[in-house]
Amino acid sequence: MTVVIGFEGSANKIGIGIIRDGEVLSNPRRTYITPPGQGFLPSDTARHHRAVILTVLKEALEQAGLKPADIDCVAYTKGPGMGAPLVTVALVARTVSQLWGKPLLGVNHCIGHIEMGRLITKANNPTVLYVSGGNTQVIAYSERRYRIFGETIDIAVGNCLDRFARVIKISNDPSPGYNIEQMAKKGSQYVELPYTVKGMDVSFSGILSYIEETLFSMLVEITERAMAHCGSQEVLIVGGVGCNLRLQEMMGVMCKERGAKLFATDERFCIDNGAMIAQAGWEMFRSGQVTELEDSWITQRYRTDEVEVTWRD
Amino acid sequence: GTPRGQGRATQLSSPFPVCSLDVPFPSSREATIALRSLSPDKEPRKGGISKLITVSGSTLSVRWSADEARILRVSVNSFLDHLSLVMETMEMFGPPVAV
């Protein structure tokens, strides 16, 4: 039996989750929400996380009904993400790791999303579309690496949606993307916008005028191209933008045409959360990885394919 | 007991602003825990600031030197925020388990 606690706070969500052999025992989370028209800045975000992190940690233990002695490993987000919030969270993880005498594990945030998606959906070996405010990548596993097949050449799709929401002053509660989706459901006019796919990659900075249809069509195209390249019959969507039902619907149409299966998780797990870091940490820990304190520095840049995936064949 | 710190910032005799901070902890073990939590991350700013954190007995000591007072202030303020978070964590989830 292996119990891992995971700490996540690389953007505006702070979450701490506990996993025991594939079972999510607790996963509390808080979101830093800014007024309409404003994005979130690193120092303010770090201040938000700092104010609540110890409370959330207590909640995670209480909701799981566990004591620190029951934990086998402390996992935290090493990167990528915003520097100040990453440091705030890493400080607490390093401190409790030492107080409780448990090994530490620095986890790649993107891999946290992937491993959570695999756990919840039981997808076997899917082509992964990772879409969030900070990241847009099409990923396939091959020989101990999560290979990046395609990505945004400028901004993440979620960043594009968030910036659009800011321009038209949509509320950021619970998230700008969610509110765009609700409004888009009532739309009936399609406006043609720049559609920019370059081979495996996409570009979103030319489209800061919205429309899910165009953004999502681009993502479906590059996912399909990666699937064709890998001969894959499964798609897994992870990351906050993955909550979007229209994206899931459009991806589903493409999958049906190809006879492929579509996998996605709900908002508990596609939005940044602590349990996903715990899950990736569980996989890494069980395959023998550990992070020494001196090497536990956080990093704003951390590519998904930098990690050796020792837990898969 | 709660650690208390003593800090000084001087710009008098040295050409570059410096600051020193000494924080007593209840034990050498706890001072070392704080050191190992606070030292891994690099300063966000590349250049213009240097910081050295050490432990002697049960005291955590930090020595800064910077090119400008402004740069020194940012680093010291940031460190104090981080130190207080580490101390609060130790207060709430300590004492350290027996080795």
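**Exercise 1.** In which helix of chain A do A:Arg246 and A:Glu249 both lie, and how many residues apart are they?

*Solution.* The model is predicted, so local features need pLDDT of at least 70 and side-chain atom pairs count only at pLDDT 80 or more, while totals for chains, interfaces and linings use all residues. Residues are numbered from 1 along each chain as its sequence is written, chains are lettered from A and ligands numbered from 1 in the order in which they are written, and side-chain values use heavy atoms, without hydrogens and water.

Step 1. Helices (H or I, at least four residues) and strands (E, at least two) are DSSP runs, numbered from the N terminus. A:Arg246 and A:Glu249 both belong to helix α7 of chain A, three residues apart, which is about one turn of the helix.

Step 2. The two residues form a salt bridge, with the closest N and O atoms 3.3 Å apart. The term stands for a side-chain nitrogen of Lys or Arg within 4 Å of a carboxyl oxygen of Asp or Glu.

Step 3. A:Arg246 has 28% relative accessibility and A:Glu249 has 48%. Both count as partly exposed because that class lies between buried (under 20% relative accessible area) and exposed (over 50%), with a 1.4 Å probe and protein chains only.

**Exercise 2.** Find which parts of chain A are linked by the salt bridges of A:Arg30 and A:Arg258.

*Solution.* Step 1. The side chains of A:Arg30 and A:Glu59 meet in a salt bridge at 2.7 Å, N to O. A:Arg30 is in strand β4 (residues 29-31) of chain A and A:Glu59 in helix α1 of chain A, so this pair ties together parts that are 29 residues apart in sequence.

Step 2. A:Arg258 forms a salt bridge with A:Glu224, and the closest N and O atoms are 3.4 Å apart. Here the link runs between distant parts of the chain, from helix α7 (residues 245-258) to helix α6 (residues 212-230) of chain A, 34 residues apart. A:Arg258 is partly exposed at 29% relative accessibility, and A:Glu224 is partly exposed at 28%.

Step 3. Over all chains the rule gives 20 salt bridges.

**Exercise 3.** Describe how chain A and chain B meet.

*Solution.* Step 1. The size of an interface is often given as the accessible area lost when the parts come together. Chain A and chain B bury about 2000 Å² between them, 64% of it on carbon and sulfur atoms; buried area is the accessible area (1.4 Å probe) that two parts lose on being put together, summed over both. A:Arg50, A:Leu54 and A:Leu99 supply 33% of the area that chain A buries against chain B, more than any other three residues.

Step 2. The contact (heavy atoms within 4.5 Å) takes 22 residues from chain A and 23 residues from chain B.

Step 3. Three salt bridges cross the interface. A:Arg94 forms a salt bridge with B:Asp41, with the closest N and O atoms 2.9 Å apart. On the side of chain A that touches chain B, α1 (42-64) and α2 (83-100) each supply at least two residues. The most comes from α2(A), with ten residues.

**Exercise 4.** State the order of the elements in chain B and how much of the chain is buried.

*Solution.* Step 1. Chain B has two helices and four strands. From the N terminus on, they run β-β-α-β-β-α.

Step 2. Of the 99 residues in chain B, 38% are buried.
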